[in-house]
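Hi,

Here is the structure I promised to pass on. Have a look first, and my notes follow below.

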Amino acid sequence: MTFYDEYEKYIGLNLEEFFKEVRDEDVLRVLSKENLTRTDYLTLLSEKAEKYLEIMAQKSRDITTRHFGRVIFLYTPLYLSNYCENQCAYCSFSTINRMPRKKLALEEVEAEAEMISQTGLKHILILTGESRYHTSIEYIKKCVGVLKKYFTSISIEIYALDENEYLELINAGVDGLTIYQEVYNKQIYDEVHITGPKKDYKYRLEASERACRMGIRSLGIGSLLGLDDWRSEGFALGLHADYLQNTYPEVELSVSLPRIRPHVGSYSPKYDISDKNLVQMMLAIRLFLPRVGITISTRESSSFRDNLIGLGVTKMSGGSTTEVGGHSSSEHGEGQFDISDKRSVSEMAEMIYKKGYQPVFKDWWLD
Amino acid sequence: MSDEFKIGGKVLQSRLFVGSGKYSNNRLIPEIIKSSKSEVITVALRRVDFMDEKENMLNFIPKECVLMPNTSGARNAEEAVRIARLARETGCGNWVKIEVISDNKYLMPDNMETIKATEILAKEGFFVFPYMNPDLMDAKRLRDAGACAVMPLGAPIGTNKGLKTKELVKILIDEISLPIIVDAGIGKPSEAAEAMELGAAAVLVNTAIASAENPILMAEAFGLAVKAGRKAFLAGTGAIKEFAEASSPLTGFLN
Amino acid sequence: MRFALNGKEAEANNGISVEEYLLQKGIELDKIVIEYNLEILKRIDWKSTVIKENDKLEVLRFVGGG
């Protein structure tokens, strides 16, 4: 049994019908509760609940401060390569986009690591496109070997792996995995993943569980908002997180709520998600899953991100670039998507202090 | 509405389990069963005293009652297993409450030994009801060892202090798929109701009834309280808080 | 013939069975359980088991307990 089987039970559920039935008292009753059920969570995703956003925000801030303290955890992405075998409608790394392709040599990885470590960050997220040919497990292991000298925590956001491959990388020094399902709606998933290995919905959905079984320490999941209606995606994401938390309580779990940003290619989001919608989704997740980390990406504007501090966010990236070699190179090529919040790590840290929070560069260190 | 409690191969109407210890007179027991409407009673196994052969207490327990022998006196898993096997040999069914206590000061249960005994006895076909200190990890181990319920203490045995472990018991109720039966420490009917409102599957009470001035009346009170708490749980608490207007709204930036 | 009964020294006539001994002592046989030399003695074996010198016999029954 995996989340794939668990999620299938919910597929026939008529969410629109459910949302129509939600009354004010239902929302208030949920807001009065301490532990929320899946149905309670769904109630908070309803249109009716939007009216109670402020109450949700107060509760969310309270819960977040109690469980995480007044801190924001900072990290930065490092793109190793943009070679990709997939054709995904929403991503500029897609095979059909004619863009210069690059993969960092180990010396270049070292140069990036040096630049990033000068900012004080001790946690790094390494990313690749999906190409087992250009970015093999062997290659990633070598990169991890270089990065270990500079960082105390290394997370990967790469193609989905088998169990033994996750184990290999964990043994090499990887302690975190980020893997977004992108869209939980199976039909849309099939439509937007046009060709390539990523087309296998189930293999991707179960990747996080394979990593958990192999002993990954932290895990980030997410849904790319705009591919489907945010309420149903938000519900699926919450179910997924709840399932993982119950099944693998030893894993430190976080969820991410990226909204689609403009990029090279021609995809524009099919579904709108307003700032208000995004905040509602984030607050509902916090109330449903008090101990789960929440990440807000640099796809969002700096002023919007600033305002979310204190509402439930626990993790943010800074000094972000989605280009391969973007940290150390002065030449600028095409990134995976456009970044809205372009602030450096020190600018981010200053803003976080101003908000009365502490930026955390190093959460743990185990040698 | 029907709300049967299916457990250990039985179907019960009452979610109050009573203990048979500490009564001034065994003759009270049928009255306690009758007034509380309880269908499960715990008993202990002891050496027959050949110098002073007393009346057989089983003669005072109605035939339709489910007997839950406990392993009291066991200081480790091995002794608990031995007592459980002996108890089954009496022909009174295959329920057993595992109680392993090696601490005579507070009478706290030894979770680790309890887990060991549970594993052995569940494999032998017993319906195992382990009495435990409400630790989530140990409750999971008990579940995996084959327990048919988990019985966390509300407060140390015999203290009548109430549901002191409320937060911990709540976690077990939320996280463990087995029935959670609060055992030990419940001193008043209101506390039994509180446990049931939280979502406990049943409550086991002995001292609070046995030490009441009028045990028969207290047994009835517990029976009603457990029923009330259960109904409240099924109804879903509808309490709606008042939410204060924030002086500086957090979501003002959205407007 | 001497043997241990519930941890205490006891005496019985040679050749007496467990069941005979208990009846002699006026014990209600219903719902008791017997441990004979640390093994459970099945009810069907009570008649045929003869108490021997230095045997260890435990006779137990239910009492009140929580």
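**Helix pairs, buried residues and odd phi values**

In chain A, helix H6 passes helix H7 in a right-handed crossing (right-handed if the near helix is turned clockwise from the far one by less than a right angle, left-handed if anticlockwise). Before I go on: this is a predicted model, so local features need pLDDT of at least 70 and side-chain atom pairs count only at pLDDT 80 or more, while totals for chains, interfaces and linings use all residues. Residues are numbered from 1 along each chain as its sequence is written, chains are lettered from A and ligands numbered from 1 in the order in which they are written, and side-chain values use heavy atoms, with hydrogens and water left out.

Back to that pair. H6(A) covers residues 106–117 and H7(A) residues 137–147; helices (H or I, at least four residues) and strands (E, at least two) are DSSP runs numbered from the N terminus. Their axes come within 9 Å and cross at roughly 40 degrees. The axes are lines fitted to C-alpha atoms, for helices over the stretch in contact, with angles running from 0 to 180 degrees between N-to-C directions. H6(A) and H7(A) are therefore oblique to each other (under 35 degrees counts as roughly parallel, over 145 as roughly antiparallel, 65 to 115 as roughly perpendicular, and the rest as oblique).

On the H6(A) side, Leu106(A), Val109(A), Glu110(A) and Ala113(A) meet Tyr139(A), Lys142(A), Cys143(A), Val146(A) and Leu147(A) of H7(A); contact means heavy atoms within 4.5 Å. By class, the residues of this contact are seven nonpolar, no polar and two charged. Nonpolar here means Ala, Val, Leu, Ile, Met, Phe, Trp, Tyr, Cys and Pro, charged means Asp, Glu, Lys and Arg, and the others, Gly among them, are polar.

Chain B has a helix pair too. The axes of H3(B) and H4(B) come within 8 Å and cross at roughly 15 degrees, which means that H3(B) is roughly parallel to H4(B). This crossing is right-handed. From H3(B), the contact draws on Asn111(B), Thr114(B), Ile115(B), Thr118(B), Glu119(B) and Ala122(B), and from H4(B) on Asp138(B), Arg141(B), Leu142(B) and Ala145(B). Here the split is four nonpolar, three polar and three charged.

H4(B) spans residues 136–145, and its buried residues are Asp138(B), Ala139(B), Lys140(B), Leu142(B) and Ala145(B) (buried means under 20% relative accessible area, exposed over 50%, partly exposed in between, with a 1.4 Å probe and protein chains only). Those buried residues pack against helix H3 (111–123), strand E7 (127–132) and helix H5 (166–175) of chain B. At the N-terminal end, Asp135(B) acts as a cap, with a side-chain oxygen 3.1 Å from the backbone nitrogen of Met137(B). After the helix comes Gly146(B), with a positive phi near 105 degrees.

Thr118(B) sits in helix H3 of chain B and counts as buried because its relative accessibility is 0%. Setting aside neighbours within four places in sequence, Thr118(B) contacts Ile98(B), Val128(B), Pro130(B), Leu142(B), Ala145(B), Gly146(B) and Ala147(B).

Which residues other than glycine have a positive phi? Lys22(B) is one of them, with phi near 70 degrees, and Leu107(B) is another, with phi near 60 degrees. Most residues other than glycine have a negative phi. Lys22(B) lies in the loop between strand E3 (16–19) and helix H1 (28–36) of chain B and is exposed, at 53% relative accessible area. Leu107(B) is in the loop between strand E6 (95–98) and H3 of chain B and is partly exposed, at 30%.

Two strand residues in chain A are worth a click. Ser317(A), in strand E10 (residues 315–317), is buried at 4% relative accessibility. Not counting residues up to four places away in sequence, Ser317(A) touches Leu74(A), Tyr75(A), Pro77(A), Ile296(A), Thr298(A), Arg305(A) and Met348(A). Gln87(A), in strand E2 (residues 87–88), is buried at 17%.

As for the chains, two pairs touch, and chains B and C share the most contacts. No contact joins chains A and C, and their closest C-alpha atoms are 33 Å apart.

Cheers

Conventions
A polar contact is a pair of N or O atoms within 3.5 Å; within protein, one must be able to donate a hydrogen and the other to accept it, and residues adjacent in sequence count only if both atoms are side-chain atoms.
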